[in-house]
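Please examine the sequence and the structure shown below before reading on. The paragraphs that follow lead from the ligand and its surroundings to the chain as a whole, and then to two places within it.

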Amino acid sequence: MLPKVDEVLKDREIEEMMEDIPREKITEAVRRVIDRRREAILTSPDEDPRSHLLGIREEILAEIRQASCPSLRPVINATGVVLHTNLGRASLSEKAAAHVMRVAEGYSTLEYDPEAGARGSRHVHLEETLRKLTGAEAAMIVNNNAAATMLVLSAIGYGREIIVSRGEMVEIGGSFRIPDIMEQSGAHLVEVGTTNKTRLSDYEKHVNENTAALLKVHTSNYRIIGFTEDVSLKELRELGDRCDLPVIYDMGSGLMVDLSAYGIDEPVAARGLADGADVILFSGDKLLGGPQAGIICGKKKYIDMMKSHPLARVLRVDKMTIAAMESTLNAYLDPDNALREIPVLRMITRPQEELRAQCLILKDMIDEIRDPATGESAYSAWIEEDSGVVGGGSAPGSLLKNVVVKVSHRTMSPDEMCDRLHRGEVPVVARIHRDKMVLDVRTLETKDFEVIADKLRAMIQAGGKA
Ligand SMILES: *Cc1c(COP(=O)(O)O)cnc(C)c1O
């Protein structure tokens with residue numbers, strides 16, 4: 001009684017799906033469902049086999065849809081963590097995304113100067129804007145800030161010594177550790193001071209004829225508090241001048257506009273150069289709000305060394321990254337505009353009243369989901385204040401004031417609800433706090449609410465079945 005694969009493939013709807021989904025994927029999905037049903041029949045010989053044929057067509061369609069989902073696909077971020085590294089860090093602005101599309105679909109001026117009708121450089125597209133925004137003489141872009149660190153250290157310190165404070169031996173996560181990157185770059189790390197206290201004299205004592213640079217690393221994802229002392233960039237500059245050494249500053253997050261009014265305690269990129277660094281470097285997809293990239297700005301003499309370094313080719317970015325970065329940086333030429341246009345900044349600066357109003361809409365939508373047995377609201381949903389983080393290893397001491405919708409259900413546990421929200425074409429990622437599911441609207445748009453409500457409704461209709 002089980003259908004044959006060939007017969008199923010003649011189904012009108014499935015035939016139409018073949019226009020978008022490879023036949024191979026469809027055939028495999030059909031076979032999987034039929035095999036599952038056969039297994040079910042064989043393992044329950046007492047039941048009427050026909051009962052195992054019910055809903056088979058719907059299951060096949062669902063299986064095909066699931067199999068055709070790309071592995072890399074959008075998710076809805078209900079965690080409230082603005083820079084969620086696992087969820088792709090910064091969302092691009094509409095303009096940046098459109099620019100990527102235009103450039104990706106065809107040929108471009110990537111390394112072509114149309115005015116001269118000759119070969120150009122991929123660095124020109126961003127350099128002018130970066131110079132305006134940071135006050136640098138020159139600038140370049142590489143694959144990420146880890147790559148930028150590698151390139152800067154190698155170009156300036158290969159085979160020589162670079163001095164850094166013990167309080168700034170940062171691990172960013174995964175396998176990015178400042179000491180390891182230094183070793184790979186061929187520069188010798190000279191650690192000075194202690195974890196909690198480093199003085200200018202500690203750097204000074206270690207300067208010798210083999211010293212190539214002084215390095216400062218922003219402690220992006222931790223703060224040392226209590227009995228502490230560190231050396232400011234200005235003081236390092238002064239030592240650099242005395243000993244004729246360049247000062248390098250790894251700034252981490254690449255903040256371009258002051259967000260201290262919003263409780264974000266991170267250094268602004270332009271400040272790094274104004275306070276005396278010769279070279280600054282930072283990420284493109286943290287607080288800058290652009291694509292994954294590392295940006296290096298500073299004295300032309302050093303940037304030129306890096307542009308012509310063999311690693312520059314190894315670490316270079318492609319046209320899509322440059323397109324996204326060009327549009328993102330352009331938004332900063334008018335800072336008010338940047339706060340509106342760049343999703344990361346818009347999310348961080350969303351007013352409380354707006355978050356609260358969004359919570360009300362979402363809560364109402366959840367309240368409207370009825371339990372078919374009782375006609376009552378299927379879930380309990382209520383609004384609470386909560387604290388949130390920026391994420392992505394930025395601003396660890398800054399807590400954002402968030403407003404969230406908490407959801408519970410009579411029989412489904414928060415774990416079970418979260419688990420089911422992950423399924424399907426567009427996974428929804430939520431948080432659990434004190435045994436309740438938390439939907440944080442800071443990182444949600446109104447159009448996401450519909451998807452969340454649909455998924456919650458489907459869970460009720462599935463009647464608690466997986
Ligand atoms: C995040 C960070 C890095 C690594 O940047 P990626 O762009 O993630 O490679 C390096 N240094 C500091 C100080 C950072 O905060």
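Helices and strands are here runs assigned by DSSP, with at least four residues for a helix and at least two for a strand, and they are numbered from the N terminus. The model itself is predicted.

The ligand offers a suitable starting point. It is surrounded by 13 residues, and the closest are Ala146, Ser220, Asp250, Ser283 and Lys286. Helix H7 (145-157) and strand S10 (247-252) each contribute at least two residues to this shell. By character, the shell consists of four nonpolar, six polar and three charged residues.

Several polar atoms of the protein lie beside atoms of the ligand. A backbone N or O atom of Asn145 is 2.9 Å from a ligand oxygen atom. In the side chain of Ser283, an N or O atom lies 2.6 Å from an oxygen atom of the ligand, while a polar side-chain atom of Asp250 is 2.7 Å from a ligand nitrogen atom. On its own the ligand has 380 Å² of accessible area, and the protein covers 94% of this.

The view may now widen to the protein chain. The chain contains 19 helices and 17 strands, and its C-alpha atoms fill a box of roughly 90 × 55 × 45 Å along the principal axes. Of its 466 residues, 50% are buried. The chain exposes about 23,300 Å², and carbon and sulfur atoms supply 50% of that area. Among contacts between residues at least 6 apart in sequence, 73% join residues that are at least 24 apart.

Helix H18 (residues 414-421) shows how burial can be arranged within one element. Its buried residues are Pro414, Met417, Cys418, Arg420 and Leu421. These residues lie on the same side of H18, because they cover an arc of only 165 degrees around the axis. A general feature of helices is useful here: an α-helix has 3.6 residues a turn, so residues three or four places apart point the same way. The cover over the buried residues of H18 includes strands S13 (379-388), S14 (400-409), S15 (428-429), S16 (431-433) and S17 (436-440), together with helix H19 (446-461).

The last stop is Asp386, which is located in strand S13. Is Asp386 buried or exposed? Residues under 20% relative accessible area count as buried; Asp386 has 17% relative accessibility and is therefore buried. Its side chain makes a polar contact of 3.4 Å with the side chain of Arg431. Leaving aside neighbours within four places in sequence, Asp386 is in contact with Leu400, Lys401, Asn402, Val404, Arg431 and Val438.

Key:
Residues numbered from 1 in each chain as written. Predicted model: local features only at pLDDT ≥ 70, side-chain atom pairs only at ≥ 80, totals over all residues. Heavy atoms only, no water. Near = heavy atom within 4 Å. Polar contact = N/O pair within 3.5 Å; in protein donor to acceptor, adjacent residues only side chain to side chain. Areas by Shrake-Rupley, 256 points an atom, 1.4 Å probe, with all protein chains shown as cover. Nonpolar A, V, L, I, M, F, W, Y, C, P; charged D, E, K, R; others polar. Buried < 20%, exposed > 50% of the residue type's maximum accessible area, 1.4 Å probe, protein only. Arc of directions from axis to C-beta. Contact = heavy atoms within 4.5 Å.
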